[in-house]
Amino acid sequence: HRVFPPLILALFLAAISTQYIQGATMSGGKTLYLIRHAESYENKLIHSFKTLIGVFPKDPSSPREPLLPLLGILNVPYLIDCPLSPAGVVQTENLQSWSSSTSFLPSLSSKSPVLIVHSPLQRARRTCLAATGYVTPSSRNNSEDPTLNGSDPGLPNVRVEESQLMIEKTPVEWLPGLGGRLDTRLTDFKKWVSNVPEDTVVVVGHSQWFKKLLGMSFKFDNCDVWKVEVDG
């Protein structure tokens, strides 16, 4: 099971052997580190369902997925803010180990102030905590969210915010003619991040949101970290 792809960014070559930080560009004059959340139950269910109907090839060595749990894909309210899968928990543990061994956040904050901003959904909150040690108290009061009360290690030059603009593409926004709602949220986020005082921003969120933000043709893998140089 792949958690992190191979490294290509020279900045981290001396420190990281398992993490892949890729590069991309936007406009605005900042450096963003974009981190997709670890695998959630939604990711697991959707992958299993697509395998069942033949979108993804079946692995003969894998046990057959029972049909009844796959019906959970119909429980949309639960899937919108579902917890991490067991594989996702392992991914956060590996991400935390990488972050600690490379001093990811301290090395950034030692150079300039850092803003951490994350989605309010618990899969992103748990990933943010693993990657940075920071997460805000939850605005959703989800009792299943183990990060409910937040975490602030108190590093100098670091602050953390939660942004409602970063919620993953909603079921309504998949409907024809209603995708503009996501576009509006992304536009508002870009305006907001361009006006924050920090020049380094760690953004922990979701695959469809990042895909649309960067205009990419593919999605980040779970726990991928991308470095985005934002032109002035």
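**Helices, cores and a few buried residues**

Biologist: Which residues of H7 are buried?
Modeller: Helices are DSSP runs (H or I, at least four residues; strands are E runs of at least two), numbered from the N terminus. Buried means under 20% relative accessible area, exposed over 50%, partly exposed in between (1.4 Å probe, protein chains only). In H7, the ones that come out buried are Leu182, Arg185, Leu186, Phe189 and Val193.

Biologist: Before we go on, what pLDDT do side-chain atom pairs need to count?
Modeller: Residues are numbered from 1 along each chain as its sequence is written, and side-chain values use heavy atoms, leaving out hydrogens and water. This is a predicted model: local features need pLDDT of at least 70, totals for chains, interfaces and linings use all residues, and side-chain atom pairs count only at pLDDT 80 or more.

Biologist: Within what arc do the buried residues of H7 fall?
Modeller: On the other side of H7, Lys191 and Asn195 are exposed. The arc is taken over the directions from the helix axis to the C-beta atoms. Seen down that axis, the buried residues of H7 line one face, because they fall within an arc of 100°.

Biologist: How far apart are the end C-alpha atoms of H7?
Modeller: The expected span is 1.5 Å times one less than the number of residues. For the 16 residues of H7 (180–195) that gives 22 Å, which agrees with the model's end-to-end separation of 23 Å.

Biologist: And over in H4, which residues are exposed on the other side from the buried ones?
Modeller: The buried set is Gly88, Gln91, Thr92, Leu95, Trp98, Ser99 and Thr102. Seen down the axis, they sit within an arc of 125°, so they line one face of H4. Opposite them, the exposed residues are Pro86, Ser100 and Ser101.

Biologist: Which residues does Thr92 touch beyond four places in sequence?
Modeller: Thr92 belongs to H4 (86–102) and is buried because its relative accessibility is 8%. Contact means heavy atoms within 4.5 Å. With residues up to four places away not counted, Thr92 touches Ala38, Leu84, Arg126, Thr127 and Ala130.

Biologist: Which element supplies the largest share of the largest nonpolar core?
Modeller: A nonpolar core is a set of buried Ala, Val, Leu, Ile, Met, Phe, Trp, Tyr and Cys residues joined through side-chain atoms within 4.5 Å. This one has 22 residues, and Ile35, Phe104, Val114, Ile116 and Val202 touch the most other members. E2, H4, H5 (104–109), E3, H6 (122–132), E4 (158–162) and E5 each give at least two residues. The largest share, four residues, comes from H6.

Biologist: How many disulfides does the model have?
Modeller: Cys128 is buried at 0% relative accessible area, and Cys223 is also buried at 0%. A disulfide needs a pair of cysteine sulfur atoms within 2.5 Å. By that rule, the count is zero.

Biologist: In E6, which residue is the bridge partner of Tyr33?
Modeller: Five of the seven residues of E6 (225–231) are buried, so the strand is largely enclosed by the rest of the structure. Two strands pair if DSSP finds at least two bridges between them. E2 and E6 pair in the antiparallel sense over five bridges. In E6, the partner of Tyr33 is Lys227.
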